Amino acid sequence: MSASTKSLAVAGLAVALFVLPPAWGGEVDFQRIQDTIFTPHCVSCHSGFFAPHSLRLDARNSYRSLVGMQSAEVPAVQRVKSGDPDASYLIQKVEGHASEGVRMPASGPPLSKQDIELIRQWIAGGAPAPGAQSTYLVSDQAARKTQ
């Protein structure tokens with residue numbers, strides 16, 4: 001292997017490690033969180049009319065039950081504060097350091113560090129609504145065509 005080929009290989013590895021998006025496929029979308037975390041781990045308790053603290057995490061209600069909504073246990077704290085995972089009650093609950101109540105999910109093992117990080121990334125990215133990413137991409141592509 002020549003020196004220039006080795007240099008290209010090292011440069012390619014650097015790009016793969018530092019520039020490309022994380023393994024979950026780039027920007028975290030809410031649908032992925034719904035499908036891989038809320039539905040399998042949370043919906044058994046947090047759905048229907050009698051959901052604890054009126055927090056319904058089924059696919060139809062989860063986003064609007066979380067983002068910008070006050071926590072029922074600590075009303076001064078939002079369940080999900082867009083852009084601020086540490087100030088979001090959801091993170092405090094799944095990490096087990098909320099000032100009230102128990103770690104979630106209460107009826108099962110703790111979420112994995114990867115699951116919690118996925119939620120953190122979504123919140124840090126502004127907690128976009130389901131489909132917000134694809135709407136932006138369509139608008140962006142349309143804008144490029146008109147230029």
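Q: What makes the contact between R120 and E95 a salt bridge?
A: The closest N and O atoms of R120 and E95 are 2.9 Å apart. This pair links distant parts of the chain, with R120 in helix α5 and E95 in helix α4, 25 residues apart. A salt bridge is a side-chain nitrogen of Lys or Arg within 4 Å of a carboxyl oxygen of Asp or Glu, so the 2.9 Å pair meets the definition. Bear in mind that this is a predicted model: local features need pLDDT of at least 70, side-chain atom pairs count only at pLDDT 80 or more, and totals for chains, interfaces and linings use all residues. Residues are numbered from 1 along each chain as its sequence is written, and side-chain values use heavy atoms, leaving out hydrogens and water.

Q: How do you know whether R120 is buried or exposed?
A: Compare its relative accessible area, 18%, with the cut-offs: buried means under 20%, exposed over 50%, and partly exposed in between (1.4 Å probe, protein chains only). R120 is therefore buried. Its partner E95 stands at 31% and so counts as partly exposed. D86 joins these two in a network of salt bridges.

Q: Why does the pair of E73 and K93 count as a salt bridge?
A: Here the closest N and O atoms are 3.0 Å apart. E73 sits in the loop between α3 and α4 while K93 is in helix α4, so the pair ties together parts that are 20 residues apart in sequence. Against the cut-off already given, 3.0 Å passes. K93 is buried at 7%, whereas E73, at 26%, is partly exposed.

Q: How many salt bridges does a search of the whole structure find?
A: Four. Another one joins D58 and R56, with 3.8 Å from N to O. That value still satisfies the cut-off. D58 is buried at 16%, and R56 is partly exposed at 31%.

Q: Why are C42 and C45 not called a disulfide?
A: A disulfide is a pair of cysteine sulfur atoms within 2.5 Å. The sulfur of C42 is 8.7 Å from its closest cysteine sulfur, in C45, which is too far for a bond. C45 is in no disulfide either, as its nearest cysteine sulfur is that of C42. The structure thus holds zero disulfides. C42 is buried at 12%, and C45 is partly exposed at 39%.

Q: What makes the span of helix α2 stand out?
A: Helices (H or I, at least four residues) and strands (E, at least two) are DSSP runs, numbered from the N terminus. The expected span of a helix is 1.5 Å times one less than its number of residues. Helix α2 (residues 30–42) has 13 residues, and a straight helix would reach 18 Å, but its end C-alpha atoms are only 15 Å apart. In α2, F30, I33, Q34, I37, F38 and C42 are buried. These buried residues pack against α3 (62–66), α4 (89–95) and α5 (113–124).

Q: What does I119 contact, leaving aside its neighbours within four places in sequence?
A: With contact meaning heavy atoms within 4.5 Å, I119 touches I33, I37, L90, I91 and L111.
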